Amino acid sequence: MNLQGMLTTIKDKTGIEVNDEQKAVIAHGDGPLWVIAGPGSGKSEVLVLRTLKLVCIDGVHPKSIILTTFTEKAAKNIQDRLAIYKNYLDQVDENLRLRVDLSQVRVGTLHGLCNGIMHEYRYSEYQNYRLLDDIEQLLFVYEQSELSKSEQGHLPLWQEFHLLTERYNRAAGTKWSRSRNYPPHRWIRVNAAVTLFNRIVEDRINVSQMHAEGEIWEILASAYKKYRSSLEEHKVCDFAHLQLKFLEFLNSPSGSRFIQGENSSDHPGINYVLVDEYQDTNPIQERIYLKLTQRSPHNLCVVGDDDQALYRFRGGTVECMVNFDRACQSAWKTGVVVDQLPLSINHRSHPKIVNRCDNYIQSFPVMTQLGARVSNKPNLSPDPEWESSQIERGCSIGNYPPVSYLLGQNYEDVAAHFAETVKGLLDNGIINDLSQCVLLLRSTQLSLQSAGPYQEALEAQQFPVYNPRSRTFLEQPEIQTALGTLVKILDPNQNGLSGVRTKNVRETIAGWVQHYTDQESQYPELSNYVEGAINRIRQTPAKTRVTQSAGQNNAMSPATIQDIFYHMISLEPFVTWRRNTEQDFRLGKLSQVLESYCVLPFSNSRVEPTRGILQTGDTDGLINSGQLGHLYYSLAGLLVSKGLNDPEDEEVICPKGRFPIMTVHQAKGLEFPFVFLPLFGNIQKVEEGAELQIEDTMMPFRSNPSSSNFSTKERTEQDRIRFFYVAYSRAIHSLVFLARNQDVSKQGIGFGNKGRQWFTDVTQRL
Amino acid sequence: MSWQNFQDLRVPQIRDSSVKRRYSVTTDILAFKRCRRQYGHFVVRGYEPANAVQIYYGMLIHQVLDRAYMHYAGLRDKKTKGQIPTDKDIEDYFEEVDTALRIRGIRSVRAIKHAAEGKAALRRLKKFNQIEGPELYPRIRDTEHHLQSHQGNYLLHGTVDVLADVSNWLPGMPGEIWDYKGGNPPTDRYSEELRNYKFQMLVYAELYRERNGVYPEKAILYFLGALDAVKDPPVRPPNALIEVPLDKQSIQDALQDFTNTVEKIEDCREKEDWPSPDPGQEPDKDTCNICDIRWDCPARQGEYQLRYP
C-alpha cells in the first residue's frame, strides 16, 4: 500500500478527505518538522494519519514512535482513531493485519509517558515513588517545606513575589500586601512556594547559580533544595519533578537503551516523536523532546499554534513554538534543516468567524512585531466548502448572524436574556441538545461577575448545568456532613477549634459540625455511631493509639480517619446520598482527599508514621492536639483555601442534556456550534503579572534564557489577546457576545476599550 | 426574541466524541466478577480503599522476582549478567522493595501483624529463585509485558508477568506466558478462584495471538505458596505450576465471557447502579473481610457489626 492508497481507503470509509497542506505534513519524510496549525485546521487528524503512514507505509516500528497530547482524553481519542483506521486498512491489505500492531505506538500526555516509560525500564530513581497530585503536593509542601513556616527572614522573598502571593489572598481570607511587615498567611505561602518550586524545575533554573546570588535567591534556592531532598526521602514525586526525573532517566544508561534501542522488537529505540499543542510546552519539556530525538535525522515533529498559547501559568512558554527552528539548531548543531509546514485552512468555523479571528489577531501592533508570532505564518483561511460540508453533516445553514451580541441592563438581566435565547434555540429545534452550546469564562466560580448569574438563569429555565469547576464541592451537604461528623468524633466539643486563628477556616469547620448537628436528630443510627466512636476514643489512655472495637478474630486494629469515613457512610443519610450518582462521586472524591491526607508523612515521626492513624495526646481519651491541629490547619485549611472542584466525567466533554459552563482553558481543543462569551467584568481582566513576574525575575538563572525581547507589559497584552483568540475560535456556527449596555462603546462591541472594535462591522445585536 | 435570528439554522446533534472504554482483565473484569458493588465504588466512582494491605504482597512478590530477573540479565548492574541471584541478593531486593513500599505508605501499619507472612514470602521468593531461576531466567524475553486489543466498542488490555521463550526455542516459535500468584495453589480444581485465573490466561493468550499471529505455546500459572508448603523442597512441588490448556474453544469461550462481563458492566453504568451480588454469588469471605464498604452491604446483612470509632 502507498500513501495515496492509504488516504483513499480512509476517505472511502470515513469521508475524511485531506487537503494539500495536510497531505504535505502526512507525507513529510525525515528531519525536524514544524507544523503551524491554526484553529480548526485538523491537526489531530493529521497527526493520526502521519503516524499511520509511518507505521503502515514506511514500516517504522510502532514502539519507536512517541505521540504526545495535552490531555489523557485526547490521547485515548488518538489511540481509538489509529485502531479504527488500521482496521480499515487491514480490510484492504491482509498483510498489514499481522505485520503491524498499532497499539504499541506510545501515545499519551508527556506526564503519562514519562511515568510509564520509567516504570517500563524500572528506573531505580523512580521505582515505588508516589506521584503527588496537585492537592498532595500542597499538603506535602505545607508539612515539609521551610517556606511554609512563618519566618520573618522570608518576608523579602514574599515581597518580591507579591503578585503571586496576593493572588491567594481571597482564598485565604486575608488582605496581605507587600507593604506589610510580616509574612503572608501559611496557605498563601504554601501555594506560592508550590508555584515557585514548579517553575524552578519547569524553567530549568540553575539552582546553584540562584543560591550564589544571595538574599532572597539564596532563601528560595535553599528551600527548593530541601524540598527536593524531602521528596526523595519520602519517595514521592510531583508532576514537575516527574519531568526532571525523566530527563535524568534519558541521560542514564537505561535511558540510553530506551532512546538508542537494542535491535530487538521489544526495544527498537525511539525514531519519531510527534508533539501536539506544542505552543504550551515549557523549557524542560522542550529539553525532553530534543533529547528524545537527539539521533540524526532528528525526527521531531511539533504541531501547534502560537496564537493559542494559554498555559504560561503552568510554565508553558510560547517562545518554544515561536523559536523551534533555533532550538533545534542550537541542540543538534551541524546545520540541521527544520522544515516548516502550515495548516492554515479552518474547517471548523463559519467563514465569517474565521475571517474575524484572523483580522483580530493581526490587528494588534504588539502581535505584528518580530518574534511575537511564528515568522512567515500564513493567514488563517476559511474553508470554501464549509457550508456544503455542514449540509452533508445534516445542518441547515440559512441566513443568520455568525457573530452577534446580546445586551442587558446588568449582569442578571444579561444572564436572563442569554438563558431565554438558549431556550429559544432548543425549543425551536435550532439545536437538539444543550451540550451543543457552551458558555466560556475566565473563571467558572459562582460569583456575580463569573458564572453565578448564568448558572442561576439556566437553572431557572430548568436546564441542567455542567460546571464541575465551580469550586462548590465543599458546599455540598454530603461533603459538609461527612467532614462535620469526622470533626465531631475527633474533637467532640471542638476545643481544638479555638486555636485556629484563621477566621474563615474556623467558621467553615464550625459550619461542617453544624451540618452534622442538623442531621443528628433525624438520623439516630448516625448519632449513635458518633456517640459510640467518641466513647471508644474516650476509653483510650493517654499517648496510646486508638484501636477499633473488636472485629473478626477480635483483632485490635489501629483506628484511622479513613475507617471513620467508611463507617459513617454506611449509615443514613449517607446511604441515600450515595444512591445519587453525583453525590456518590463526590463522596468518592472526598475519600481520595482523606487518603492523600492520611498517607502523606509528618515532617517528623512525633505522632505516627502516617497521619491517618489516631492517637491520644497527654490526656486520657482525647485525640492528640498536634493531630487535631494538623487536621484543622492542614486538611481543612487546604480545602478552604483551595476550594475543590467536583469530580469530572473523564469520558465525555459534556454529558448530553446539560449546558456546559467552561473556562477558556477547559475548552482548549474543543468546538461547539454555539459559543456564548461574556465581555465584561472579570472576563477582560487578566491576572496580570504574576507569571511574567516569576518568568522575568528568574530569567537570569535559566539554563537556556529565553530569546524573547518583549517587555512584561507587552507579553501580558499578547497573552490576553491569545486568550480571547482561543475563545472566539471555539465556535462552529455562532459566536455570541454577552454584555451590559454600559460595556458597549459608541463604536460597538469588541475587545478592550482602546478603539479595537474588531467585531464592530460584523456583529449584529440580537 | 433573540433566538429568531437563528431560525434558518438547524444544527443536528454533534458527533459522539467519547472515547472507547478501556477494560483490564484484572482491574475491571475479574474485579467486577468478584463483586460488582465493590467494583462500582472503587473503580468507577473513585472511592479510595482505606486498607492497602491487599496490594502489598502482590507488589512485593512481583517486584522482587522482577529484580531477580534484572539481576540475571545484567540490567541493574552489568557485572551480574548471567548470574543467578544468591539468597543474600534476594534478601536485599526484598528489603529494598519492602522499605520502598513502606515509605510510600502501601505497607500500612496493619501489615506489621503479618510479619510472619512477610517471612514466608521471603522464603518463597528464595526458593523460587533457586528452583526456577536457572532454567527460567535465561529464557525470559520480557517482564511486565503489556498487551492490548481493540474489540469493537471497547479496548481490552492486560499485563503478562513474564514472556519467555520455550525451552529449545528457535526463531519464529511461539513463547510462553507466565503469571505469578503469591498465594497457595487452589485445592479445589473447580474453584471459582482457579477458574478466574485460567480465564485471565486464556484472554492473555488471545491478546498474544493478536500481536504475534499465533497463540503462545504455554500459559503457566505459578503459585509461590506451594514452595512453602513443605520444608525446603529440593525441586518444584508438583502443585506449584499449573499449565492452562490453550485450545481454541476455551479461548473463544473466555473472550465471550469477557464480552458478556463488559456488557454487564456497561449495563450497570447505564443504570448508574452497582448492586450487591445476588444470593449465592457473594465473593469469598476473605474479599469481604477487607472490603471498606462491607458495613451496609446487603449481601452480607448483619454479618459485619459496625466498629468504633
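Over how many bridges do strand S16 (residues 672–678) and strand S17 (residues 731–740) of chain A pair in the parallel sense? The two strands, S16(A) and S17(A), pair over six bridges, and the legends below begin with the sheet that holds them. The model is predicted, so local features are given only where pLDDT is at least 70 and side-chain atom pairs only at pLDDT 80 or more, while totals for chains, interfaces and linings use all residues. Residues are numbered from 1 along each chain as its sequence is written, chains are lettered from A and ligands numbered from 1 in the order in which they are written, and side-chain values use heavy atoms, with hydrogens and water left out.

**View 1. Seven strands of chain A form an open sheet with parallel pairing.** The order of the strands is S14-S15-S13-S16-S17-S12-S18; helices (H or I, at least four residues) and strands (E, at least two) are DSSP runs, numbered from the N terminus, and two strands count as paired if DSSP finds at least two bridges between them. Strand S14 (465–466) and strand S18 (764–765) of chain A stand at the edges with a single partner strand each, so one side of each has no neighbour in the sheet. Within the pair S16(A) and S17(A), Phe672(A) stands opposite Ala731(A). Helix H19 (residues 351–362) of chain A packs on this sheet, touching strand S12 (403–408) and S17 of chain A, and its direction makes about 60° with that of S17(A). Contact here means heavy atoms within 4.5 Å, and axes are lines fitted to C-alpha atoms, for helices over the stretch in contact, with angles running from 0 to 180 degrees between N-to-C directions. Helix H22 (residues 411–427) of chain A lies across five strands, S12, S13, S15, S16 and S17 of chain A, and runs at about 130° to S12(A).

**View 2. An open sheet of six strands in chain A also has parallel pairing.** Its strands follow the order S3-S2-S6-S7-S1-S8. Strand S3 (106–109) and strand S8 (339–343) of chain A are at the edges, and because each has a single partner strand, one side of each is left without a neighbour in the sheet. From one strand to the next, the twist averages 15°. Strand S1 (residues 33–37) of chain A pairs with S8(A) in the parallel sense over five bridges, and Trp34(A) stands opposite Gln340(A) in S8(A). Helix H4 (residues 72–92) of chain A lies across strand S2 (65–69) and S3 of chain A, running at about 155° to S3(A).

**View 3. Salt bridges link chain A and chain B.** A salt bridge is a side-chain nitrogen of Lys or Arg within 4 Å of a carboxyl oxygen of Asp or Glu, and five are counted between chain A and chain B. In one of them, Arg22(B) and Asp80(A) have their closest N and O atoms 3.0 Å apart, and this pair crosses between chains, from strand S2 (residues 21–24) of chain B to helix H4 of chain A. The side chains of Arg122(A) and Asp66(B) meet in another, at 2.2 Å, N to O.

**View 4. Chain A and chain B share a buried area of about 7,100 Å².** Buried area is the accessible area (1.4 Å probe) that two parts lose on being put together, summed over both, and here carbon and sulfur atoms give 53% of the total. In the contact between the chains, 97 residues of chain A meet 66 residues of chain B. Strand S11 (residues 396–397) of chain A and strand S1 (residues 9–10) of chain B run antiparallel and are joined by two bridges, with Ile397(A) opposite Leu9(B).

**View 5. Two peptide bonds of chain A that lead into a proline are cis.** The bond from Ser296(A) to Pro297(A) has omega near 10°, and Pro297(A) is placed in the loop between helix H16 (283–292) and strand S7 (300–304) of chain A. The bond from Glu572(A) to Pro573(A) has omega near 5°, and Pro573(A) lies in the loop between helix H27 (561–568) and helix H28 (574–579) of chain A.
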